[in-house]
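I opened the notebook to go through this model piece by piece. The entries follow the order in which I looked things up.

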Amino acid sequence: MEVVGARAPGKIILAGEHAVVHGSAAVAAAIDLYTRCSLRLLTEDESASSAVELELRDPGLAFSWPCARLREVFFPTDSDSAAAGEPRPCSPDLLAAIARLLEEQEIPEAKIWLSSGLSAFLFLYTSILGCRAGKVTVSSDLPMGAGLGSSAAFCVSMSGALLTAAGVVAVGGGGGKGWELVRKDDLELVNRWAFQGEKIIHGKPSGIDNSVSTFGSMIKFKKGELTSLKSSNPVKMLITDTRVGRNTKALVAGVSERSSRHPDAMASVFHAVNSISEELSSIVELTANDEIAITSREEKLAELMEMNQGLLQCMGVSHSSIETVLRTTLKFNLVSKLTGAGGGGCVLTLIPTRILFMPKSSSRIVFAALKLRLVDRVFKFAKETADVLMEMCTTFFFF
Ligand SMILES: Nc1ncnc2c1ncn2[C@@H]1O[C@H](COP(=O)(O)OP(=O)(O)O)[C@@H](O)[C@H]1O
Ligand SMILES: C[C@@](O)(CCOP(=O)(O)O)CC(=O)O
Ligand SMILES: [Mg+2]
């Protein structure tokens with residue numbers, strides 16, 4: 001049995017990160033960068049030592065767990081009791097046992113952040129397939145720990161591959177093309193399993209990242225409810241990666257701690273973010289027939305992004321690297337906000353149509369100047385090489 005190229009996209013959050021964990025609305029869109037997962041169940045002949053193997057192409061690491069050792073940890077009392085049909089959480093005891101199991105692997109200290117992804121992998125694999133020998137290969141276009149939802153894309157592509165190998169999800173059942181190839185019920189099952197994986201990586205995820213990665217397109221998300229947003233006018237964003245590493249779990253926990261120290265003030269912040277997300281989602285859905293000029297629509301979007309960024313600062317999740325990108329883009333009258341958990345990671349800059357409609361040569365000059373400044377600034381504090389995430393031509397996302 002072989003499943004090839006199950007893939008799930010990363011995302012940007014246009015408004016509402018962190019507040020969404022506390023019940024506010026948020027708006028997110030899938031982007032054209034993917035994590036891919038392939039899986040081959042091994043027969044006894046192929047796997048003499050009978051093991052579960054994982055190859056992570058991007059960090060360039062491979063892991064292997066003997067099935068007998070997995071059985072001791074995951075099914076100590078009886079035979080395999082994987083039940084792919086019903087997603088369930090990983091108990092704290094099991095999580096602690098997985099952490100001990102991972103100590104047996106020699107994960108390089110510089111890549112220790114992979115542990116949470118490996119824990120999610122082991123939990124999803126054994127929950128869905130039991131301790132059957134198999135080889136899983138993962139590759140990704142996404143930077144990890146940068147706010148573009150690599151953890152969710154990892155869990156969604158993994159759950160999709162595992163559930164397909166288990167024979168629970170059928171590719172082609174939904175007819176149509178692309179996402180429609182998998183039936184809606186099956187996508188929902190993939191999403192629910194991926195959420196259990198995200199819980200291992202994020203601690204307390206809202207579910208927005210796995211939902212937009214599973215269902216694609218642009219969504220509004222509030223308290224576990226997803227509304228699909230239809231936008232006929234493209235919005236273009238530049239994504240800049242500050243290359244300052246951070247960890248979503250710690251940032252989400254930090255906001256919760258601030259919220260328990262200042263419950264009333266933080267409730268007001270979350271309430272304000274909710275209003276911003278609601279207004280932003282109605283603006284992106286405006287059609288060409290609505291009587292609002294593109295420029296005034298973009299001005300409103302920019303203002304909402306600016307307000308959201310201020311509130312993210314209030315939550316304590318901005319960072320000097322993010323502030324540097326904000327100041328740099330502001331010199332060109334462009335508005336930016338962090339996206340994802342913040343604390344470093346990626347920043348979104350709204351690129352208004354007025355720039356895109358400039359004669360080609362002058363718009364190129366603006367872009368070149370912007371890019372140079374960003375590279376220059378980002379280079380200074382990150383001490384890294386040229387650091388704008390992608391070339392201009394590939395950083396525009398059309399919604
Ligand atoms: N391709 C992958 N292989 C292994 N682990 C991954 C992969 N992608 C993401 N992860 C896990 O997700 C973590 C990053 O998730 P997170 O801190 O939520 O940031 P983000 O989701 O914004 O990239 C990584 O530290 C790793 O544990
Ligand atoms: C901060 C948060 O709103 C988004 C986190 O996104 P990312 O892992 O930084 O890509 C957390 C969540 O909603 O689960
Ligand atoms: Mg994440």
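**Entry 1: strand pairing.** I began with Leu-39, whose bridge partner in β5 is Val-136. Strands here are DSSP runs of E with at least two residues, helices are runs of H or I with at least four, and both are numbered from the N terminus. I then looked up how β2 and β5 run: they pair in the antiparallel sense, over seven bridges. Two strands count as paired if DSSP finds at least two bridges between them.

I noted the ground rules before going on. This is a predicted model, in which local features need pLDDT of at least 70 and side-chain atom pairs count only at pLDDT 80 or more, while totals for chains, interfaces and linings use all residues. Residues are numbered from 1 along each chain as its sequence is written, and chains are lettered from A and ligands numbered from 1 in the order in which they are written.

Next I checked the other partners of β2. β1 pairs with β2 in the antiparallel sense over 10 bridges. There, Glu-2 has Arg-40 of β2 as its bridge partner. β6 also runs antiparallel to β2, joined by four bridges. Ala-28 has its bridge partner in β6, namely Ile-219.

**Entry 2: overall make-up.** I looked up the totals. The protein has 12 helices and 10 strands. It has 399 residues, and 44% of them count as buried. Buried means 20 or more other C-beta atoms within 10 Å of the residue's own, exposed means 12 or fewer, and partly exposed is in between; C-beta atoms are placed from the backbone. I also looked at contacts between residues at least 6 apart in sequence: 73% join residues at least 24 apart. A contact is two C-beta atoms, placed from the backbone, within 7 Å.

**Entry 3: two domains.** The domain assignment gives domain 1 (2–228) and domain 2 (231–394). Such bounds come from an automatic or database domain assignment. How many residues of each domain are in contact with the other? I found 28 in domain 1 and 34 in domain 2. On the domain 1 side, β1 (2–15), β2 (26–41), α5 and β6 (218–222) each supply at least two residues. β1 gives the most, with four residues. By class, that side has 15 nonpolar, 10 polar and three charged residues. Nonpolar covers Ala, Val, Leu, Ile, Met, Phe, Trp, Tyr, Cys and Pro; charged covers Asp, Glu, Lys and Arg; the others, Gly among them, are polar.

**Entry 4: the core.** The largest nonpolar core has 101 residues. Such a core is a set of buried Ala, Val, Leu, Ile, Met, Phe, Trp, Tyr and Cys residues joined through C-beta atoms within 7 Å. Those with the most contacts inside this core are Ile-12, Ala-26, Ala-28, Leu-124, Leu-162 and Leu-280. α4 gives the most to this core, with 10 residues. Both domains take part, each with at least three residues. I followed up Leu-124: leaving out residues up to four places away in sequence, it touches Met-158, Ser-159, Leu-162, Trp-193 and Gly-197.

**Entry 5: ligand 1.** I counted a residue as near if its C-beta atom, placed from the backbone, lies within 6 Å of the molecule or strand. Ligand 1 has 23 residues around it, of which Gly-117, Ser-150, Ser-151, Phe-154 and Thr-248 come nearest. α3 (115–129), β5 (134–140), α4 (150–165) and α5 (184–202) each supply at least two residues of the shell. The largest share is from α4, with three residues. The shell divides into nine nonpolar, 13 polar and one charged. Domain 1 and domain 2 each give at least three residues to the shell.

**Entry 6: ligand 2.** Which residues come nearest to ligand 2? Of the 17 around this ligand, they are Pro-205, Ser-206, Thr-248, Gly-340 and Ala-341. α6 (208–215) and α7 (248–261) each supply at least two residues of the shell. By class, the shell has seven nonpolar, eight polar and two charged residues. Ligand 2 lies between domain 1 and domain 2, because both give residues to the shell around it.

**Entry 7: positive phi.** His-18 is not a glycine, yet has a positive phi of about 65 degrees. His-18 sits in the loop between β1 and β2. Is His-18 buried or exposed? His-18 counts as buried, because it has 29 C-beta neighbours inside 10 Å. Ser-217 also has a positive phi, near 60 degrees. Ser-217 is in the loop between α6 and β6. With 15 other C-beta atoms within 10 Å, Ser-217 is partly exposed.
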